[in-house]
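Student: Could we go through some side-chain pairs together, with the reasons behind each label that is used?

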Amino acid sequence: MRLRFEHRDTETDASVVDRVWRTSSDAEDTMTSAARTCCQLIVTRTQGRLLVSLRGPETRATTAAVPPNAEFLGIRLTLGTVLRPYSAASIVDGYVPLPVTDSGRVVIGGEDWEAPTYENVEQFVRCLRGANLLVRSPLRVEEQAAGQLQGYPSKRTLQRQYRTITGLSQTAVTQIDRVNTAATMLREGRGWPTVVEALGYFDQAHLAHALRRYVGRTARGLQGRDDAAMSFLYKICPRPGS
């Protein structure tokens, strides 16, 4: 089974939501979940049941169960965005299940909300933002990662603040984002030499090690020789010197 993902940008909430995706399963199986830097709200509809969870950043590739006849919706938050009261640091390599009422509404912050669909994610996000439940950190993490913020006492303080907000070190964020970009490029048909040069890996062995650790796949498998199911990959612009 190879999950087919449909994905899109958000129309109005790009500051807090990076990507929206959906997929579905026909049969019970397992899938490889690639490492990722941001939290995701996952909505699963299966056999008349609604399951909602907030997944934290993932620092390695893992294997996850896929229930049969299920529809999945993913709302990938931007780096530095949190769904209160859950901090990213508290759910690294884990998740928290969110309560669901008998009428099929999801409970967040003590209130119940209509469960989102692929088509109305923006409305759901606006409601959470209006209730001050979905917020970006007051610290501008992108500028901090680039070393552009001034007036902070020390580099170590900046690093602690960054980890507190994102749950990860700046180095981990760079490595995970880069390997997701590499995996996406390989799936698009790029050869490994092109990927190595474009993203600054030392050589093929360096790339292969990163793929095994963070994506759980080989370059050959990503280029179409492996139909095993895996999670949604994302692609970012390479960071200079990363």
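**Charged side chains and their labels**

Tutor: Let us start with Arg8 and Glu122, whose side chains are joined by a polar contact of 2.7 Å. This is a predicted model, in which local features need pLDDT of at least 70 and side-chain atom pairs count only at pLDDT 80 or more, while totals for chains, interfaces and linings use all residues. Residues are numbered from 1 along each chain as its sequence is written, and side-chain values use heavy atoms, with hydrogens and water left out.

Student: Why is the pair Arg8 and Glu122 called a polar contact?

Tutor: The term needs a pair of N or O atoms within 3.5 Å; within protein, one must be able to donate a hydrogen and the other to accept it, and residues adjacent in sequence count only if both atoms are side-chain atoms. The pair Arg8 and Glu122 is at 2.7 Å, so the distance satisfies that cut-off.

Student: Is Arg8 buried or exposed, and what makes it so?

Tutor: Buried means under 20% relative accessible area, exposed means over 50%, and partly exposed is in between (1.4 Å probe, protein chains only). Arg8 has a relative accessible area of 18%, and therefore counts as buried.

Student: What makes Glu6 and Arg22 a salt bridge?

Tutor: A salt bridge requires a side-chain nitrogen of Lys or Arg within 4 Å of a carboxyl oxygen of Asp or Glu. The N to O distance between Glu6 and Arg22 is 2.9 Å, so the pair qualifies. The two residues lie in distant parts of the chain, 16 residues apart, with Glu6 in strand E1 (residues 6–8) and Arg22 in strand E2 (residues 17–24); strands (E, at least two residues) and helices (H or I, at least four) are DSSP runs, numbered from the N terminus.

Student: Which residues are linked with Arg22 in a network of salt bridges?

Tutor: The network links Glu6, Arg22 and Glu119, and the side chains of Glu119 and Arg22 meet at 3.0 Å, N to O, in a salt bridge. Because Glu119 lies in the loop between strand E11 (111–114) and helix H1 (121–130) and Arg22 in strand E2, this pair ties together parts that are 97 residues apart in sequence.

Student: How do you know that Glu119 is exposed, whereas Arg22 is partly exposed?

Tutor: Glu119 has a relative accessible area of 55%, which is over 50%, so Glu119 is exposed. Arg22, with 29%, falls between the two limits and is therefore partly exposed.
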